[in-house]
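Got the model open in your viewer? Let's walk through it one selection at a time.

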Amino acid sequence: MTEIQKQEEIKAAGNNYEYPAEPSLGKEILFLLVKIAAIILAFLLVFTFLFGLCRNSDATMVPSVKDGDLVMFYRLDKSYVAQDTLVLEFKGKKQVRRVIATAGDTVDITEDGLLVNGALQQETEIYTPTQRYEDGVEFPLTVREGEVFVLGDSRENSTDSRIYGAVRGKDTLGKVMTILRRRNI
C-alpha cells in the first residue's frame, strides 16, 4: 500500500465517524434545574451553619450600626475580645452589642464613667455617658469564665448587660463580620 492510499483510507475512515446524539431539551432543562437546586442548597447550608444575617431593628448601636442595617455574622467564632461586636438574642429579639469586658475583668459604672479593671475607659465613638440602671445588675461585677459583658454604643436606653448581666459566650449567635448599610449612607 502506497502512502497516498494510506492517507485516502484514513480520510475515508474519518468521514464515517459517528458523533454522539445531542441530549434532548427536556434533559437539558432538568440538568439546569438540578444545578440551580444544588446552588440554593449550598447557600442554605452556608447561611444556616456558618454565617448569619440579621436586620438591626434598634438605634442602640448608633453610629456604628444604624436602625435598618443588615448585619452579617460568623457563627463559629465565639472567642471574643474587648471591642468586638457580636449578635445575641434577648427575649426573642436579635441584638447587636459591643464587648466591653471578658472573663476575669471587673466592670464598674461610677459617676466618672465606665471602669474596667479600675481603669476609666476612653471610648472615642461613644457620645453619651455610661450610667447604671436602677433595676439592673449590681456593680462592680466580675465577668466569669466563658462570659462577656456587652453594652450598646448609644448608652441611653440600651438594653444590655447593665440589665441582664454578663452573657455566656455560647449563648451568643456570633461575631459581626460586616455591616451592610441600607439607608442614610
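**Start with the rings**

Select Phe 47 first: it is partly exposed, with a relative accessible area of 30%. Here buried means under 20% relative accessible area, exposed over 50%, and partly exposed in between, using a 1.4 Å probe and protein chains only. Add Phe 51, which is buried at a relative accessible area of 17%.

Before going on, keep in mind that this is a predicted model, where local features need pLDDT of at least 70 and side-chain atom pairs count only at pLDDT 80 or more, while totals for chains, interfaces and linings use all residues. Residues are numbered from 1 along each chain as its sequence is written, and side-chain values use heavy atoms, with hydrogens and water left out.

How many aromatic pairs does the structure hold? There are four. Rings of Phe, Tyr and Trp (its six-membered ring) pair if their centres lie within 6.5 Å; planes under 30 degrees apart count as stacked, over 60 as edge-to-face and the rest as tilted. Your two selected residues, Phe 47 and Phe 51, make one of these pairs, a tilted one with 6.1 Å centre to centre and 50° between the planes. Now add Tyr 74, and you have one aromatic cluster made of Phe 47, Phe 51 and Tyr 74.

Next, pick Phe 90 and Tyr 164: their ring centres are 4.5 Å apart and their planes sit at 40°, so this pair is tilted. Phe 90 lies in strand β3 (residues 85–90) and Tyr 164 in helix α3 (residues 161–164), so the pair ties together parts that are 74 residues apart in sequence. Phe 90 counts as partly exposed, at 22% relative accessibility.

**Zoom out**

Switch to cartoon and you should find three helices and eleven strands. Helices (H or I, at least four residues) and strands (E, at least two) are DSSP runs, numbered from the N terminus. Of the 185 residues, 32% count as buried.

**The enclosed strand**

Select β9, residues 147–151. Why call this strand largely enclosed by the rest of the structure? Five of its five residues are buried, so that is how β9 ends up. Show the side chains: Glu 147, Phe 149 and Leu 151 point one way, Val 148 and Val 150 the other. In a regular strand the side chains alternate between the two faces of the sheet.

Now bring in the partners; two strands pair if DSSP finds at least two bridges between them. Strand β4 (residues 93–101) pairs with β9 in the antiparallel sense over three bridges, and Arg 98 has Leu 151 of β9 as its bridge partner. Strand β10 (residues 167–168) is also antiparallel to β9, over two bridges. Look there for Arg 168, the bridge partner of Glu 147.

**The open sheet**

Four strands come next, forming an open antiparallel sheet in the order β7-β6-β5-β8. Its edge strands are β7 (119–120) and β8 (141–142), each pairing on one side only. Select β5 (residues 106–110) and β6 (residues 113–116), and you'll see four bridges joining them. Asp 108 has Leu 115 in β6 as its bridge partner.

**Last stop: a surface patch**

Turn to helix α2 (residues 25–49) and select Leu 32. At 48% relative accessibility, Leu 32 counts as partly exposed. Then add Leu 25, Ile 29, Leu 33, Ile 36, Ile 40 and Leu 44: with Leu 32 they form a nonpolar patch on the surface, with about 700 Å² of accessible area together. Patches are made of residues with over 30% relative accessible area and no salt bridge (a side-chain nitrogen of Lys or Arg within 4 Å of a carboxyl oxygen of Asp or Glu). Like charges are joined within 9 Å, nonpolar side chains (Val, Leu, Ile, Met, Phe, Trp, Tyr) within 5 Å. The accessible areas come from the Shrake-Rupley method with a 1.4 Å probe; for residues, only the protein chains shown count as cover.
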